[in-house]
Amino acid sequence: MPSPRLKLPVIQNWNCHNCGGCCKQHEIEITVEEKERIEKQRWDLDESIPAGQPVIEKLGLSPTSKRYRLAHQEDGSCVFLNEQGLCRIHAKFGEPAKPLACQVYPYAFHPAGNDVAVSLRFSCPSVVSNLGQRVDQQEPAIRKIVNQVLPKRRKTPPAPRLTSREALSWPDTLKVTAKLNQFFESNEAPFQICLLRALNFVDLIEYSRFETIRDERLEEFLELIFQATLQELPADLEVERIAPSRLGGIQFRLLAAQYARKDTYAESARGLGRRITLLHSALKFAIGKGQIPCLQERFHSVAFSQVEPPFGGLPPESVKLFFRYYRVKIEGLHFLGAAYYDIPFAEGFNHLALMFPAIIWIARWIAAGEGRTSLKPEDVDEAMSIADHHHGYSPVFGQPHFRSRVKTLSRSQDIRKLINWYCL
């Protein structure tokens, strides 16, 4: 099979700036072949690795297990991360010598029919800040990684479901996602209006029947509901700030807590004590009164009430960031199907829509911890990096209880209320 065409984001820049963040956040599982290659590099003779420090550890309790990961330092960092924030393997043997998982980050590759949609993880600060060369101008380098990731005898997987009961062909599914993306391609309306329009569009998709709507008829239908949504929510619409329902507030705080967690190797290694602490924190988030539990060292202790009053809106730089974030995620199909716990289009976009209030909630927490009642662009940047660390990668977000939480927020119209509540 010929190499697939890559669908690259045209509005996103990225190059690695050696912050070392990815080497401190992730557990890197390696293949048997990668294990053997690293062993041949003879790190046991390298003075930069402390004597007796293993560089590879086995996963699983079974003696026949063939799962391995890179070892970690005491602070949770990868054993190969040096004092300058650089990878020892990369520095000594070049980038191709690193495990494939390290070469892939922060890219994410998702099936798009016979093509491959390329998204990026905004857990990388350089992605958030849009630093480096335009991604669509780096196709040769990205293709080398894609060729390693894709199976040699790749088969085109079925298209993601549109709803829990509807499925379309790949070409028609891509038409739906392309039309959804149009809501964020123009900045003629405030961001929250564009996001609300997209939610209304997705609702109409979810409650429609597509037995006879295909090909050209689908294009006509999509344009019809797209225009109807624009008319229903004009650009100059005054946003009404209505608090979410009591149940919606509980569900949202628990969701925001999941996004605010720091699920690194160092944290998970704390075992039972860590789980008890998280359970206690979850109870406090459900109640929503008193001090917010500090889920990681970055946060300061502030009251729940301190993040709820208006913060004066978003900085202009953060508005641009959210437009870019949603375009990259939608164009990269980074919210549905194989890229997101095999969740259908409509449900997946509800998850993605909730990223906006969750990120703002975390940004307000950061600002309040520094004694401020307004947001700086840096608050939103950091909050997005914290929250997007989990998007599509933390297993809990695909579990039935979490999906039920999002469905509850959608049915009660609380997603819209949350967007309006935290945008001001």
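The following is a conversation between a biologist and a modeller about how terms and values apply to this predicted model.

Biologist: What makes a residue count here, and how are the residues numbered?

Modeller: This is a predicted model, in which local features need pLDDT of at least 70 and side-chain atom pairs count only at pLDDT 80 or more, while totals for chains, interfaces and linings use all residues. Residues are numbered from 1 along each chain as its sequence is written, and side-chain values use heavy atoms, with hydrogens and water left out.

Biologist: How many helices and strands does the chain have, and what makes a stretch a helix or a strand?

Modeller: Helices (H or I, at least four residues) and strands (E, at least two) are DSSP runs, numbered from the N terminus. By that rule the secondary structure of the chain comes to 17 helices and six strands.

Biologist: How do you know whether the chain agrees with a compact globule?

Modeller: The radius of gyration is taken over C-alpha atoms, and the globule rule is 2.2 Å times the number of residues to the power 0.38. With 424 residues the rule gives a value near 22 Å, and the chain has 22 Å, so the two agree. Along the principal axes, the C-alpha atoms fill a box of roughly 70 × 60 × 40 Å.

Biologist: Why is S318 called buried, and why is R42 called partly exposed?

Modeller: Buried means under 20% relative accessible area, exposed means over 50%, and partly exposed lies in between (1.4 Å probe, protein chains only). S318, which is found in helix 13 (residues 316-331), has 0% relative accessibility and therefore counts as buried. R42 has 42% and so counts as partly exposed; this residue is found in the loop between helix 2 (32-40) and strand 3, and its phi is near 55 degrees, a positive value in a residue other than glycine. Over the 424 residues of the chain, 54% count as buried.

Biologist: Which residues does S318 touch, and what makes a pair a contact?

Modeller: Contact means heavy atoms within 4.5 Å. Not counting residues up to four places away in sequence, S318 touches P377 and V380. R143, in helix 6 (residues 139-149), touches S3, P4, R5 and L6 with the same exclusion of residues up to four places away. The C-alpha atoms of R143 and L6 are separated by 7.8 Å, although these residues are 137 apart along the chain.

Biologist: Why does the search find zero disulfides, and how far is the sulfur of C102 or C124 from the closest cysteine sulfur?

Modeller: A disulfide is a pair of cysteine sulfur atoms within 2.5 Å. The sulfur of C102 is 6.4 Å from its closest cysteine sulfur, in C78, and is therefore too far for a bond. For C124 the closest cysteine sulfur is in C19, at 5.6 Å, which is also too far for a bond. C124 counts as buried because its relative accessibility is 8%, whereas C102, at 25%, is partly exposed.

Biologist: How do you know whether the length of helix 10 agrees with its number of residues?

Modeller: The expected span of a helix is 1.5 Å times one less than its number of residues. Helix 10 (residues 246-260) has 15 residues and should span 21 Å; its end C-alpha atoms are 21 Å apart, so the values agree. Helix 10 is also mostly covered, with 13 of its 15 residues buried.

Biologist: What makes a set of residues a nonpolar core, and which residues have the most contacts inside the largest one?

Modeller: A nonpolar core is a set of buried Ala, Val, Leu, Ile, Met, Phe, Trp, Tyr and Cys residues joined through side-chain atoms within 4.5 Å. The largest has 112 residues, and those with the most contacts inside it are F184, Y326, F349 and W361. Helix 14 (residues 345-369) gives the most to this core, with 18 residues. Apart from it lies another core, of 16 residues, among them W43, L70, V79 and F80.

Biologist: What makes strand 5 and strand 6 a pair, and why are strand 2 and strand 3 called edges?

Modeller: Two strands pair if DSSP finds at least two bridges between them. Six bridges join strand 5 to strand 6 (residues 115-120), and these strands run antiparallel. In the open sheet of order 2-4-3, the pairing is likewise antiparallel. Strand 2 (29-30) and strand 3 (56-59) stand at the edges because each has a single partner strand, which leaves one side of each without a neighbour in the sheet.
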